[in-house]
Amino acid sequence: MRFQSLTLVAAGAALLAPTMPTASPAADEGPEVRRATDIDVSAADLLSKARECDPVSRGRYRSDSRAPAKIPVCGARGAVFWKADMDIDCDGRPTRHCNRRTDPYFSAATAYQQSDGRHLNAERLPYIVVPTPSHIWDHGAHGVQGGSVAAVVYRGRVRYAVVGDVGPPGIIGEASYATAKALGIPPDPRSGGTASGVTYIVFKDARAQPIEDTAAATRIGERLAREFVGGEPHGQSQGRPQDPSPGQSPGRPQGPSQGRSYQESYGESYGGPPGR
């Protein structure tokens, strides 16, 4: 989780390879992340469904500590979403690229743990960060928890991840080293990330179990993405908890932004200035 500001590289920096290292599904590091050509719901399809914002947050988030608060969490059938920047979360088990030498704000703990009780591996597991519950928004009240499956979209690429950590209560837009690398975003915890243009779509009451099973997250995510694009409410999915989904959080804003596009309501740029 990121509580300090990091300087992000320019959005036009050279892109990294979008694939992840191969590992056996039974291995500690998790299975291989699939290539974009294997994913049957396009970025354009998902973005077309996330064009208009019906806010479910009571207020708006900052993309970093110096940016204006202008990012709402939006509701859709079966999902919530937001459009922001991406800062790099390298927290969890120390690895070659994620440790106290590479990341000045490194923490060996993540908010959620994998099935063997160990903290997550940010270098290998695609995960996203949600804000700590606050008066702005409580993610748990909208069916979002540790292991919830998310589709992350950037520059025509779609990757599936899980909710793996929580961050500051007033800031949004952060994901693991592995998520950034898979999307072609520079993943370096000191200088990586991107200042805008990332869409995070989290499917309600849909979890990958165990949380470290990347193949399960991708499989569930692809199916729910098809349903999200098709406009049909999703039913019970593999790995989804059996208890009923929480009730809708009170206090949904009733402002002029409802039913309007992000460009109309919040301007062309989703994220704030570089750096958190």
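Trainee: What makes the meeting of the Asp-40 and Arg-226 side chains a salt bridge?

Mentor: A salt bridge requires a side-chain nitrogen of Lys or Arg within 4 Å of a carboxyl oxygen of Asp or Glu, and the side chains of Asp-40 and Arg-226 meet at 2.8 Å, N to O, so the pair fits that definition. Bear in mind that this is a predicted model, in which local features need pLDDT of at least 70 and side-chain atom pairs count only at pLDDT 80 or more, while totals for chains, interfaces and linings use all residues. Residues are numbered from 1 along each chain as its sequence is written, and side-chain values use heavy atoms, with hydrogens and water left out.

Trainee: Why is the pair of Asp-40 and Arg-226 said to tie together parts that are apart in sequence?

Mentor: Asp-40 lies in the segment before helix H1 (43–49), whereas Arg-226 belongs to helix H3 (residues 214–230), so the pair links parts that are 186 residues apart in sequence. Helices here are DSSP runs of H or I with at least four residues, strands are runs of E with at least two, and both are numbered from the N terminus.

Trainee: Why is Asp-40 called partly exposed?

Mentor: Buried means under 20% relative accessible area, exposed means over 50%, and partly exposed lies in between, with a 1.4 Å probe and protein chains only. Asp-40 has 48% relative accessibility and therefore counts as partly exposed; its partner Arg-226, at 40%, is also classed as partly exposed.

Trainee: How many salt bridges does a search of the whole structure find?

Mentor: The search finds three. Besides the pair already discussed, Arg-118 and Asp-116 meet through their side chains at 3.2 Å, N to O, and Arg-223 and Glu-227 do so at 3.3 Å, N to O.

Trainee: What separates Arg-223 and Glu-227 in helix H3?

Mentor: These residues are four apart in helix H3, which means that about one helical turn separates them. Arg-223, with a relative accessible area of 25%, is partly exposed, and Glu-227, with 22%, is partly exposed as well.

Trainee: Which class of exposure does Arg-118 fall into?

Mentor: Arg-118 has a relative accessible area of 36% and is therefore partly exposed, and Asp-116, with 45%, is likewise partly exposed.

Trainee: What share of the chain is buried?

Mentor: Buried residues make up 53% of the 276 residues in the chain, which contains four helices and nine strands.
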